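Let's take a walk through this protein together, one region at a time. Have the model open and rotate it as you read.

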Amino acid sequence: MTRARVDVDEYRWERISAGGTGHPHAFVRSGQEIRCAAAVIDVERSVRAEWVVSGLKDLVLLKSTGSQFTGFLRDRYTTLAEASDRILATSLTARWRYIGTDVPWDEAFAQVRGVLLERFAVPHSKALQQTLWDMGSAVLAARDDIAEIRLSAPNKHHFLSDLSPFGLDNPGEVFHADDRPYGLIQCAAIREGAPDAGAAWELPSAFA
């Protein structure tokens, strides 16, 4: 070997604020997410109908610990190993439908985003499915003007790097992000007695 080149990309991460302080092991990558909204007005029905769906996408989240995935069903095609302590990472898409249109939009968006981040960070995660349900339920509890919320989160698995060929130990310090596809987890939390969604989700840009 006569030459070696090492390129390193550094992405900016911020600690998720939970209870007013930075969470010790949950982070959000800043500057990547996209805020989105859809407004629908239906004038073809006998009664004028209006729907607003707000949301965000490409919100990259990571917990460096406080997550596990064990005891899941297995068959002969299962290759994923159980993990009692793992990195939990995803790129979140979340969209929520409001009950009406008299909403303080910026305030509501900021509150929903904050609730989603805190409920990702604080509870111990036994599965991404459980985490998404907890996040969606918390949003409905926080704002009574939201009828439902839908969340979509691909599992971005990180695995412990095997450094034994180099005579090195790796006590949970060096991981690699796997490039193989894994689960796309989706969840919907709907308020009991919520008004009909009508045409709210009938848009190419809407997560369904």
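Is Phe-69 buried or exposed? Keep in mind that this is a predicted model. Phe-69 has a relative accessibility of 19%, and because the cut-off for a buried residue is under 20%, Phe-69 counts as buried. Phe-72 is buried too, with a relative accessible area of 16%.

These two residues bring us to the aromatic rings. The structure has three aromatic pairs. In one of them, the ring centres of Phe-69 and Phe-72 are 4.6 Å apart and the planes meet at 15°, so this pair is stacked. Planes under 30 degrees apart are what the stacked class asks for. Another pair is formed by Trp-96 and Phe-109, with ring centres 5.9 Å apart and planes at 35°, so that pair is tilted. Here the partners come from distant parts of the chain: Trp-96 belongs to strand S5 and Phe-109 to helix H1 (residues 105-121), with their positions 13 residues apart. Both Trp-96 and Phe-109 are buried.

Stay with Phe-109 for a moment, for its ring has a further partner. The charged end of Arg-35 sits over the ring of Phe-109, at 4.1 Å from the ring centre. A similar kind of contact involves Arg-150, which lies over the face of Trp-201, 3.9 Å from the centre of the ring.

Now follow helix H1 itself. H1 is made up of 17 residues and reaches 24 Å from its first C-alpha to its last, close to the 24 Å expected at 1.5 Å a residue. Which residues of H1 are buried? They are Ala-108, Phe-109, Val-112, Val-115, Leu-116, Leu-117, Phe-120 and Ala-121. As you look at this list on the model, it helps to recall that an α-helix has 3.6 residues a turn, so residues three or four places apart point the same way.

Beyond H1, the loop that leads to helix H2 (128-142) holds Ala-127. Ala-127 is buried, with a relative accessible area of 12%. The C-alpha atoms of Ala-127 and Tyr-11 are 26 Å apart, and 116 residues separate the two along the chain.

Next, turn to the pockets. The largest pocket has a volume of about 330 Å³, and 19 residues line it. Nearest its centre lie Trp-13, Leu-62, Ala-89, His-158 and Ala-177. Strands S4 (49-63), S5 (88-98) and S8 (175-177) are the elements that each give two or more residues to this lining. By class, the lining of the largest pocket holds nine nonpolar, five polar and five charged residues.

The second largest pocket has about 210 Å³ of space. Of its 13 lining residues, Ala-81, Ala-83, Arg-86, His-158 and Phe-159 are the closest to its centre. Strand S7 (residues 158-160) gives the most to this lining, with three residues. The lining of the second largest pocket divides into eight nonpolar, two polar and three charged residues.

One last stop is Asp-58, which is found in strand S4. What is its phi like? Most residues other than glycine have a negative phi. For Asp-58, however, phi is near 60°, a positive value in a residue other than glycine. Asp-58 is partly exposed, with a relative accessible area of 34%.

Notes
Residues numbered from 1 in each chain as written. Predicted model: local features only at pLDDT ≥ 70, side-chain atom pairs only at ≥ 80, totals over all residues. Heavy atoms only, no water. 1 Å grid on protein atoms, 1.4 Å probe; cavity = no way out; pocket = protein on both sides within 12 Å on 5 of 7 lines; lining within 4 Å. Points joined across faces, edges and corners; volume = space filled by probe spheres on them. Helix = DSSP H or I, 4+ residues; strand = E, 2+ residues; numbered from the N terminus. Nonpolar A, V, L, I, M, F, W, Y, C, P; charged D, E, K, R; others polar. Phe/Tyr/Trp six-rings, centres within 6.5 Å; stacked < 30°, edge-to-face > 60°. Buried < 20%, exposed > 50% of the residue type's maximum accessible area, 1.4 Å probe, protein only. Lys NZ or Arg CZ within 6 Å of the ring centre and 35° of its normal. Expected span 1.5 Å × (residues − 1).
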